[in-house]
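Colleague: Before I set anything up from this entry, could we go through a few of its computed features together, with the reasoning spelled out?

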Amino acid sequence: MRTWKTLVAGIIVVLGVSGLIFAAATATQTVTMQVAAVCALSTTGNPAALVVADPALGGDTPANPTSNTTYAQYTSTVAAGTTRRLQANWGGTDAAPAGCSLRLTATPAALPNQGASAGQITISSTPTNIVTGIGSCATGTGPANGAQLSYVLSVDNIAALVAGDDHTVTITLTLTDN
Amino acid sequence: MRRHPGKAVLVFSATLGLLGLVEAANIVVRGAWSWTIGSGDLQAGPGSELVGTYESLPDQATMNVTGAGQGAWRVDAQRIDSHWHADFILNIRRTGSGRGPGTVSGGTAYLTITTMTQAFVTGSGNRSGIPLQEQLRGVSVSIPVATYATMILYTVVDR
């Protein structure tokens, strides 16, 4: 009987003392962060008017007017292993002046994930890639940040030029998933 | 009557032991924090970075320490990640003292929670409704699109 009493008391002592020394209880709290897809695009403004002017020498073909003062600025977040592209097109009723075509080259900064230029394209009503391989990035918002947009009004057929032929077109840039 | 000294020691020890069992502090934390970072969090529109730091409400979670009697305790905290990004820095702080007969101190400055256990707050006696606020730092566009989750494990230890 005494042995049992001693044993029980001993267990209580061990448990109790260990409780005093090691007593620990836990609680948990969950923190969840969702990084959603960000696909935001803007431009720094409109390019200057592209005017076919007199050539320096009579008999020469007029030079192709250009404008490269605007930039496409974008913030993009994508899932691991995926990319986006930047496309350009104009409306179905838009057109270049007779004898001309409008061409565009977009040149992103050589920074990580800002993409690579797809080279010069001829603007049409069909969306065409101008920058590819855009990952998660932010180009910046300064006046010369982003993909530089170089427009060229190419005089393709001087015989078709019409003096006073004046066109205003709207170019749509689209940042889209691959 | 002959007193048995061993018996007195046994009774004292058993009493001490029972007290130890009875007075072990318990902890309950209520309130999760969930946040979605998206286009609305750009610093200055397209081309700009995401805001880098986010804060929960000051009382996003509340902590109760009960069963402590008059005893002193310490609450430790650590992170247990399920899917977390190495750039994220998760901080917690205590924004109030709650209520109850006990006391609580420390933890009013943000503490970066890591995967290692570290002391968060100390106190004594029972205290409930201690408000907690979380902060997430290190967010940028370089974080891949995904849902990230971690668990903060709070452990109350008798001192």
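Modeller: Gladly, with the reminder that this is a predicted model. A good starting point is B:Glu134, found in strand β10 of chain B, which covers residues 127-137.

Colleague: Which side chain of opposite charge is nearest to B:Glu134, and how many Å away is it?

Modeller: B:Glu134 is buried and yet has no salt bridge. A salt bridge would need a side-chain nitrogen of Lys or Arg within 4 Å of a carboxyl oxygen. The nearest side chain of opposite charge lies beyond that cut-off, and it is B:Arg93, at 9.5 Å.

Colleague: Which side chain does join B:Glu134 in a polar contact of 2.4 Å?

Modeller: Leaving aside residues up to four places away in sequence, B:Glu134 touches several residues of chain B, including B:Trp33, B:Tyr54, B:Asn91 and B:Tyr110, and also a residue of chain A. The polar contact of 2.4 Å runs between side chains, and the partner of B:Glu134 in it is A:Gln29.

Colleague: Turning to chain A, what share of its contacts with a separation of 6 or more comes from residues 24 or more positions apart?

Modeller: Chain A has one helix and 11 strands, and along the sequence the helix precedes the strands. Of its 178 residues, 37% count as buried. For the contacts with a separation of 6 or more, the share from residues 24 or more positions apart is 77%.

Colleague: What is the phi of A:Asn113 near?

Modeller: A:Asn113 sits in the loop between β5 (100-107) and β6 (114-117) of chain A, and its relative accessibility of 42% makes it partly exposed. Most residues other than glycine have a negative phi. For A:Asn113, however, phi is positive, near 70°.

Conventions. Residues numbered from 1 in each chain as written. Chains lettered and ligands numbered in written order. Predicted model: local features only at pLDDT ≥ 70, side-chain atom pairs only at ≥ 80, totals over all residues. Heavy atoms only, no water. Helix = DSSP H or I, 4+ residues; strand = E, 2+ residues; numbered from the N terminus. Buried < 20%, exposed > 50% of the residue type's maximum accessible area, 1.4 Å probe, protein only. Lys, Arg positive; Asp, Glu negative; His and termini not counted. Polar contact = N/O pair within 3.5 Å; in protein donor to acceptor, adjacent residues only side chain to side chain. Contact = heavy atoms within 4.5 Å.
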